[in-house]
Every structure is written in structure tokens, then in C-alpha cells.
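This report covers the fold of one protein chain. Please look over the sequence and structure below before reading on.

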Amino acid sequence: MNERYYKVPFDFGLLLDSDHPDVAMCSELESIDQHIELLIMTYPGEHSYDRRFGTDIWEMDFERIVSLNVWKTRFSECLATAISRYEKRIADCHFNLVVDDVLLEAGWSKNVSVKKRVDIYIDALVKSTDARCRFCYTLYLGPLAKN
């Protein structure tokens, strides 16, 4: 199967330009990476053609963390549900989350805020090649608290 994958963001101007009709291409792995990132960053309901597209992790953004392990399990389940529904080119996904507190200081105002940094590591099998691959994403979430 000879598939073509386009880089995100897609430049429609290049496509319509008769002098330079070439648009930026990428590999299947890069395409999967871009699609998962879009899926993670999208809140369900934002996509007008499919209201389910996205991940429910954004419902957990300002949630108080009582148990970090329970929160990580729920977060991973949200990711697994969305990826299995919308990214059919990979299978056998394993998730690892690393959660840290990060102190952010605004330069000129000296305002300080504490955010949660969530590093998401996804190990998966690319179906077309039967090769294992790894994706990594970083999110900064609202001021979550844990006891």
C-alpha cells in the first residue's frame, strides 16, 4: 500500500499555487504522531464534524487529585479510548505518565503559578510494519492539588 501523508498544518495556499503545487509530505510515523497530538489537544465537542473527536482528559484539567495512581489510570484510559477509536494505524498501546509540579513565573509581573506537567509516553505497534514505536507529548494542566 503506497499511502501519502501530509504535514500539519496543511498549507492550502501551496496546493492551489500552480507554480509550486507541492505540499509538505511526511512519513507514516510522523503522520501518526501529528494525529495523536491533535487528538490529545482537542476537547470533545470542538470538532464540528465529529463531536466525539478528542480526549476527555480536559475534564480532568482542574480536578483535585486525591490519589495520583487513580488519576493516572483514568488519564491513561481516556487516552486509550480516544486513540483506539481514531488512530487505527497503531495497536497494542502502552501508556506511561510522569506527573511533576512546575513553578511558572511571568517575567514582568512576577506572578507565580504552579502547574502540573504531564509527560505522556506511548509505546505502540505500527500495524503496517509490525515495528514498535514510541511517542512523547508534554501537557501543562491547571493547578491540580493532591493530598
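Helices here are DSSP runs of H or I with at least four residues, and strands are E runs of at least two, numbered from the N terminus. By that count, the protein has 3 helices and 5 strands. The model is a predicted one. Starting at the N terminus, its elements follow the order β-α-β-α-α-β-β-β.

**Strand pairing**

Take the strands at the end of that order. Strand β4 pairs with β3 and also with β5. The table sets out both pairings.

| Pair | Residues | Sense | Bridges |
|---|---|---|---|
| β3 and β4 | residues 90-105 and residues 112-126 | antiparallel | 14 bridges |
| β4 and β5 | β5: residues 131-141 | antiparallel | 11 bridges |

Which residue of β4 is the bridge partner of Val-98? That partner is Asp-119. On the β5 side, Tyr-121 stands opposite Cys-136. In a regular strand, side chains alternate between the two faces of the sheet.

How many residues lie between β4 and β5 in their hairpin? There are 4. In this turn, Asp-130 has a positive phi of about 60°.

**Whole-protein values**

The protein has 147 residues, and 32% of them count as buried. Buried here means a relative accessible area under 20%. The accessible surface of the protein is about 9500 Å². Carbon and sulfur atoms account for 53% of that surface.

Contacts add a view along the sequence. Consider those between residues at least 6 apart in sequence: 47% of them join residues at least 24 apart.

Terms used
Residues are numbered from 1 along each chain as its sequence is written. This is a predicted model: local features need pLDDT of at least 70, side-chain atom pairs count only at pLDDT 80 or more; totals for chains, interfaces and linings use all residues. Side-chain values use heavy atoms; hydrogens and water are left out. Two strands pair if DSSP finds at least two bridges between them. Buried means under 20% relative accessible area, exposed over 50%, partly exposed in between (1.4 Å probe, protein chains only). Contact means heavy atoms within 4.5 Å. Accessible areas come from the Shrake-Rupley method with a 1.4 Å probe; for residues, only the protein chains shown count as cover.
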